[in-house]
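Reader: Please take one part of this model and go through it closely, then place it in the rest of the fold. I would like a connected account rather than a list.

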Amino acid sequence: MTAPLTIDEIMRLSPVIPVLVIEDIAHAVPLGRALVAGGLPVLEITLRTPVAMDCIERMAGEIEGAVVGAGTVISPQMRRAAAAVGAKFCVSPGLVPGETAGGPAPLLPGVATASELIAGLAAGFTRFKLFPANVVGGVDALKAFASPFQQAKFCPTGGVSAKNAPDYLALPNVICVGGSWVAPADAVKAGDWGRITELARQAAALVRT
Ligand code: 3PG
């Protein structure tokens, strides 16, 4: 059995982590396959819909090459439940009280301020989601965090798009970005998997400089 991937290893698999809100379980596998086909293997399924856990279980079991994780994880119970259905990682919009870097399904906690970064580092984390990235200072905030927090690396998420993703990816303390733009709700609803594969292909071609 191979060792589980660390959050750092998962963040380095592709420059963009799609953030997915799946309303209909019938969309889960074709949507995931479309993104993986375009070159985005890391998939974050947000726990915001009643079918989210079932989607994770199905996608983790059925999509070859996908690394499926849970998003919007705001309690230890949600992390445990996601890991139990096959999530390989968890993402939170903030610091989850009581959660540390160890344990099942490595956690990428969200931070927005220096104080939150200090609390996250004290809990053993060195990889963070900057959230909501465009609201809390975006590229300038990450540049400002680079010197005092040299051990911290980020996945900015929230307001990231094809247009501004290259600016984030050019920063030395950014490993990848997260965003929903690669899976527009109208394309998912229409089952336009070709369009989603094309958006994924463009996102996968973004390079860290
Ligand atoms: C989220 O949690 O919804 C993510 O931050 C996605 O944000 P976006 O829709 O702005 O990409």
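**Thr72 and its surroundings**

Author: Thr72 counts as buried, because its relative accessibility is 17% and the cut-off for buried is under 20%. The model is a predicted one. Thr72 is not a glycine, yet its phi is positive, at about 55°. The residue lies in the loop between strand S3 and helix H4, the latter spanning 76-84.

The strand on one side of this loop is S3, residues 67-71. Five of its five residues are buried, so S3 is largely enclosed by the rest of the structure. The burial applies to both faces of the strand. On one side are Val67, Gly69 and Gly71, on the other Val68 and Ala70, and all of these are buried.

S3 has a parallel neighbour in strand S2, residues 42-46, and five bridges join the two. Within this pairing, Val42 stands opposite Val67 of S3. The connection between the strands involves helix H3, residues 52-62: S2, H3 and S3 together make a right-handed β-α-β unit.

A positive phi also occurs at Ala105, another residue other than glycine, where the value is near 50°. Ala105 sits in the loop between strand S4 (90-91) and strand S5 (107-108). With a relative accessible area of 9%, Ala105 is buried.

A further backbone feature concerns the peptide bond between Phe131 and Pro132, which is cis, with omega at about -15°. Pro132 is placed in the loop that runs between S7 and helix H6 (138-146). Strand S7 belongs to an open sheet of three strands, ordered S6-S7-S8 and paired in parallel. S6 (110-111) and S8 (153-156) are the edge strands; each has a single partner strand, so one side of each is left without a neighbour in the sheet. Helix H5, residues 114-122, packs on this sheet and touches S6, S7 and S8, and its direction makes about 150° with that of S7. S7 covers residues 127-130 and pairs with S8 in the parallel sense over four bridges. In that pairing, Leu130 has Pro156 of S8 as its bridge partner.

Elsewhere, helix H2 (residues 25-37) contains His27. His27 has a relative accessibility of 16% and therefore counts as buried. Leaving aside residues up to four places away in sequence, His27 touches Ile22, Val188, Lys189 and Trp193.

As for the whole protein, it has nine helices and nine strands. Of its 209 residues, 50% are buried. Its radius of gyration is 16 Å, which agrees with the value near 17 Å that a compact globule of 209 residues would have. Along the principal axes, the C-alpha atoms fill a box of roughly 45 × 35 × 30 Å. Among contacts with a separation of 6 or more, 58% are between residues 24 or more positions apart. The accessible surface amounts to about 9200 Å², and carbon and sulfur atoms hold 58% of that surface.

To return to the starting point, Thr72 is a buried residue with a positive phi, in the loop between S3 and H4.

Conventions:
Residues are numbered from 1 along each chain as its sequence is written. This is a predicted model: local features need pLDDT of at least 70, side-chain atom pairs count only at pLDDT 80 or more; totals for chains, interfaces and linings use all residues. Side-chain values use heavy atoms; hydrogens and water are left out. Two strands pair if DSSP finds at least two bridges between them. Contact means heavy atoms within 4.5 Å. Axes are lines fitted to C-alpha atoms, for helices over the stretch in contact, and angles run from 0 to 180 degrees between N-to-C directions. Buried means under 20% relative accessible area, exposed over 50%, partly exposed in between (1.4 Å probe, protein chains only). A crossover is right-handed if, with the strands pointing away from the viewer, the path from the first strand over the helix to the second runs clockwise. The radius of gyration is taken over C-alpha atoms; the globule rule is 2.2 Å times the number of residues to the power 0.38. Accessible areas come from the Shrake-Rupley method with a 1.4 Å probe; for residues, only the protein chains shown count as cover.
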